[in-house]
Amino acid sequence: MMSFPAFEVNGVLLSQEETGENFLRISIFSEVGLQRCLLRKANKKKLFSPPDLFDDVEVILKPASAGGLPFVKEYIVHSKRRKLGTNFEKFEAAGLLSRFYLANGEHLLDSSVFYKILRSALSALVDEMDPSTVVFKALFVFASKEGLPVKEAWLQSQKQTMREQVIELVERPVAKSPHLAVYSSEWLSSLRNWLRAESELIC
C-alpha cells in the first residue's frame, strides 16, 4: 500500500472538539488554507496539554491511509494569545472571526491574503483595539479580497460621511482610528446583513 509523506502546516488554531475517546479534531488556518486534522490524546498516565484556541502552531501531519483526516505526529506552539481570554468582548470577537473562517475558509483562491487578515485582526484584539472595529475591518477587507462588491454596493449605499469614515478605517491601522469605535457595531451589523443577503459568505 502506498504511503504518503508527512507534511508541515504553520497557522492559527481556530477550533478543537472531542471526537471519540482518543482524539481531538482541530482546525488550523494557514497560508495554504483551512486544515482539519486529528490530535491524539495522551494516555491517562501522562499529562495532556493540547494547544489553546488562537495559538500560533506548527504541526507535522501524517496523511491517513484510508483517506480521512490526517493525524498530528508532532506539534509546537510558537506563540499564545492569552489576552484574548481575559476579556469577554475580545474573546467573543475572536470567536466570531474563528467561526467566519471555519465557515468560509475552505476554497479561497489565495489563502495567504486571508491568513494575513486573520493574524492582523487577532493582533489588534491582543493590543486592546475595539473588538467591533477590528471585526468590521476584517470582514470588510475579507469580502473585498474575495471579489465581492462591498465598496461598490454596500458602501455606496451609505451616507457620504460614513463612506469617508469607513475608507479611513480600512486604509489605516485600527489604532489610528479610535474615534470610529462609536460607529463600528452599527457598521458591523449592517455589513453582516448585506453579506448574508448578497453573497454566499456565512457570517
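These legends walk through a few close-up views of a predicted model.

Residues are numbered from 1 along each chain as its sequence is written, and side-chain values use heavy atoms, with hydrogens and water left out. Because the model is predicted, local features need pLDDT of at least 70 and side-chain atom pairs count only at pLDDT 80 or more, while totals for chains, interfaces and linings use all residues.

**View 1. Phe114 and Phe142 make a tilted pair.** The structure holds 12 aromatic pairs (rings of Phe, Tyr and Trp, the last by its six-membered ring, with centres within 6.5 Å; planes under 30 degrees apart are stacked, over 60 edge-to-face, the rest tilted). Here the ring centres of Phe114 and Phe142 sit 4.6 Å apart with planes at 55°, so the pair is tilted. Phe114 belongs to helix H2 (residues 111–126) and Phe142 to helix H3 (residues 131–145), so parts 28 residues apart in sequence get tied together. Helices are DSSP runs (H or I, at least four residues), numbered from the N terminus. Both Phe114 and Phe142 are buried, with buried meaning under 20% relative accessible area, exposed over 50% and partly exposed in between (1.4 Å probe, protein chains only). Phe114 and Phe142 also join Phe29, Phe100 and Tyr101 in one aromatic cluster.

**View 2. Phe136 meets Trp187.** With centres 5.5 Å apart and planes at 55°, this pair is tilted too. Phe136 is in H3 and Trp187 in helix H6 (residues 181–198), so the pair links parts 51 residues apart in sequence. Phe136 counts as buried at 0% relative accessibility, and Trp187 does at 3%.

**View 3. Helix H5 (residues 160–171) has a buried side.** Met162, Gln165, Val166, Leu169 and Val170 are buried in H5. They cover an arc of only 130° around the axis (taken from the directions from the helix axis to the C-beta atoms), which puts them on the same side of H5. These buried residues pack against H3, helix H4 (150–154) and H6, where contact means heavy atoms within 4.5 Å. On the face turned away from them come the exposed Gln160, Thr161 and Glu171.

**View 4. H1 (residues 88–104) packs against H2.** The two helices meet at an angle of about 170°, with axes 10 Å apart. Axes are lines fitted to C-alpha atoms over the stretch in contact, and angles run from 0 to 180 degrees between N-to-C directions. H1 and H2 are therefore roughly antiparallel (an angle over 145 degrees). Among the residues meeting here are Leu97 and Tyr101 in H1, and Phe114 and Leu118 in H2.

Terms used. The expected span of a helix is 1.5 Å times one less than its number of residues. Angles under 35 degrees count as roughly parallel, over 145 as roughly antiparallel, 65 to 115 as roughly perpendicular and the rest as oblique.
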